[in-house]
Amino acid sequence: MTTSATLEEKPSVCPLDCPDTCSLSVLTDGNNILEVRGSKANPYTAGAICKKVSSYYPDFIHGERRLTTPLLRTGPRGSLKYSPISWEEALDRVHDGLTQAIENHGPESVLPFNYAGPHGQLAGGSMDFRFFHKLGATQLDRGPLCGAVRGAAYTSLFGNAPGMEPEQAEKSDLLVIASNNVTVSNLHLARSIKAAKKNGAKLIVIDPKRIKIAEQADLYIQIKPGTDIVFFQALAAELEKRNTIDKEFVERWVFGYEAYMNAAREYSLQDAANICQVPLEQIEDFLNHYTKAENVAMSVGNGAERGRNGGSSIRAAMALQVLSGNMGRPGAGIIAKQGLAFPSTSDKLRRPDLAPESTRMLNIVDVAKHILDDSLAPPIKAVFIYNHNPVCTHPDQNRMRRALSREDIFIVGCDIEMNDSMAYADVILPASSHFEFPDIYAAYGQAHLQRAEPVIPTVGSSLPNTEIFRRLAEKFGMDDPTFKADDYQLMDDAYDPQAPQMKGIRPSSISLEHSLPMTAENDQELIMCKTVFPDTTTGKIELFSADLEERFGYGLPRYQVVPQSYPLTLISPSSSKRTNATFGGNRESMGSEVLEINPADANQRKIKEGDKVRIWNDQGEVYLIASITDKVKPAIIYSPKGTWLGSSGTNQTVNALINADLRADIMGGACYNDTFVDIETI
Ligand code: SF4
């Protein structure tokens with residue numbers, strides 16, 4: 001029995017795939033997580049956290065789905081029939097399964113299948129990468145699932161130089177928030193917006209769905225998904241016509257101006273109104289706000305990248321900030337890629353040099369297709385799923401399930417709790433949660449480096465990822481010190497202790513009570529073209545990218561019309577109940593998910609509020625509950641992502657409807673928003 005004398009508040013950090021990376025304060029009785037709250041160790045997140053983390057984490061750690069012992073499959077794949085086994089036996093079986101694949105088909109027949117479950121540097125990718133690199137396993141290009149398109153769009157303009165910190169938005173007099181549902185996916189930016197508005201700033205929200213933050217907007221623009229490129233290029237051309245391009249800034253800092261403007265001049269404001277399905281008066285209103293403001297902050301979220309025009313749309317949005325000279329001052333800039341402020345030494349941490357030269361690299365979005373492809377040379381014969389729930393997060397869910405159902409491949413699963421993907425594994429390794437081991441945390445939505453120690457002992461016989469891969473490395477005879485490095489050595493390999501941002505502090509010694517802010521030289525805040533500078537080949541902000549031209553034929557952003565196979569477009573952004581598929585097994589997520597539909601589309605199909613509806617296309621069908629609302633425009637429907645199979649009566653989720661073979665214009669990105677469906681009552 002717990003007594004108050006044994007209770008203790010301990011510092012930690014949220015590891016979820018979210019830009020905010022909040023500092024946490026955890027109430028524990030020594031063995032159990034009792035409460036999770038925000039802490040002030042990170043001054044940016046400053047005590048506020050999202051409801052899902054405070055509500056669901058204790059159950060995630062100690063609930064009935066928690067994996068506490070290694071398991072061996074005893075029934076058909078997906079049947080959830082497993083028997084407990086010892087770690088020794090589990091690691092032997094993993095060794096034997098991977099070895100058999102390697103002996104018969106070579107090391108590239110082994111595929112590590114991981115994504116961004118935990119964002120700590122150690123759990124997210126350290127000893128595991130060393131192990132798979134040394135093994136010579138196939139490498140995985142993970143960014144195309146999410147983030148790579150937006151990241152490459154940004155770096156094509158600015159190189160590896162960090163964007164504006166979200167805190168600076170408080171100094172702006174206009175905020176433009178595009179495709180970023182901040183109240184769900186970027187909570188603390190919502191707080192900065194509120195503070196800016198209190199100071200008199202205006203807010204413009206551009207999003208296909210009338211999201212919560214739009215209620216506070218001075219102007220809300222309900223844009224057709226995937227057309228942002230046209231909207232922003234037409235605006236660029238109009239700025240030129242109105243003589244409001246910042247010529248001095250362009251002269252000093254911009255490469256590719258004429259090429260970019262030639263492309264932008266193709267679109268008039270009327271074209272933008274027609275293609276983006278936005279009233280012309282709203283576009284004029286945008287221009288009035290935009291040209292009047294002195295310091296505009298812009299945030300373009302990941303929503304914009306999830307379609308064939310993804311890279312082009314994000315580049316065009318960011319280009320508007322450049323052309324208008326919204327750089328070089330606090331409060332003027334693009335809120336993006338703060339992760340570039342950290343002195344990461346990921347090659348030292350992950351050791352890609354251990355991999356044989358020319359080891360193949362596969363796009364993560366293609367994994368199911370490759371597993372099913374017998375002509376792939378070598379074929380994939382062993383899959384190691386960890387830090388990832390591919391069944392619930394990848395496009396074309398049914399193909400993924402067919403791939404993971406193959407009885408002739410060996411599947412290892414490693415996770416904190418049982419989920420829809422683990423159910424396909426031959427051997428399951430129970431992973432410890434981030435509350436049970438030390439780790440170090442950068443962020444992709446703010447610039448504070450944080451460290452955490454365990455706050456409870458490991459649950460059951462679970463082990464941290466680092467220890468699992470240390471033990472596996474030993475099984476495979478990898479006896480180099482590289483594979484014996486402890487967690488603190490790994491932290492010191494993750495960041496350059498000599499970098500000025502570290503202020504003489506070793507990564508493994510960062511205070512648990514205070515985050516370490518990543519600042520520019522002389523401790524200045526990060527301001528593009530003032531304290532940080534474009535890190536491109538030309539040393540300027542590149543509106544024409546030679547690199548993207550060479551790799552993808554997209555030196556300039558370009559609009560392409562997306563052919564539509566069914567009458568309705570389904571968008572599936574984040575839910576406030578889940579982070580991707582994490583927490584998808586909670587009771588709150590296991591009922592039928594909502595499907596928002598415009599009254600015009602609902603009336604046409606005789607759909608009433610609360611009706612159970614069937615959404616289908618050639619790939620699958622899902623049951624959802626209709627919510628009739630003008631938050632979505634006609635022909636657009638919305639249902640949040642990350643649900644688990646059991647949430648829909650068809651044992652499929654919206655991911656079953658998403659085409660896995662479509663690619664964004666750059667980086668081979670997945671096209672979640674180019675999903676076309678029809679709907680009926682059942
Ligand atoms: S999911 Fe995001 S907002 Fe919620 S606690 Fe974690 S970092 Fe903070």
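**Enclosed cavities in the model**

Start with the second largest cavity: its lining residues split into 10 nonpolar, 5 polar and 2 charged. Bear in mind that this is a predicted model. Searching the whole structure turns up 4 cavities of 30 Å³ or more, and the two with the greatest volumes are covered here.

**Second largest cavity**
- Its volume comes out at about 140 Å³.
- There are 17 residues around the second largest cavity, and C18, C22, C50, K52 and V53 sit nearest its centre.
- Three helices, α1, α6 (182-185) and α7 (187-198), each put at least two residues into this lining.

**Largest cavity**
- The largest cavity has a volume of about 610 Å³.
- Its lining takes in 38 residues; A116, G117, N387, H388 and T582 are the closest to the centre.
- Two or more lining residues apiece come from α1 (51-62), α16 (390-393) and β16 (410-415).
- Sorted by class, the residues lining the largest cavity are 18 nonpolar, 15 polar and 5 charged.
- Domain 1 (71-145 + 345-440 + 459-499) and domain 3 (568-681) each contribute at least three residues to the lining of the largest cavity.

**An element to look at in both**
- Which elements give two or more residues to the lining of the largest cavity? One of them is α1 (51-62), and α1 also supplies at least two residues to the lining of the second largest cavity.

Notes. Residues are numbered from 1 along each chain as its sequence is written. This is a predicted model: local features need pLDDT of at least 70, side-chain atom pairs count only at pLDDT 80 or more; totals for chains, interfaces and linings use all residues. Side-chain values use heavy atoms; hydrogens and water are left out. On a 1 Å grid over the protein atoms alone, a cavity is a set of points where a 1.4 Å probe fits but cannot get out, and a pocket is an open set with protein on both sides within 12 Å along at least five of seven lines; lining residues have an atom within 4 Å of a point. Grid points are joined across faces, edges and corners, and a volume is the space filled by probe spheres set on the points. Helices (H or I, at least four residues) and strands (E, at least two) are DSSP runs, numbered from the N terminus. Ala, Val, Leu, Ile, Met, Phe, Trp, Tyr, Cys and Pro count as nonpolar, Asp, Glu, Lys and Arg as charged, and the others, Gly among them, as polar. Domain bounds come from an automatic or database domain assignment.
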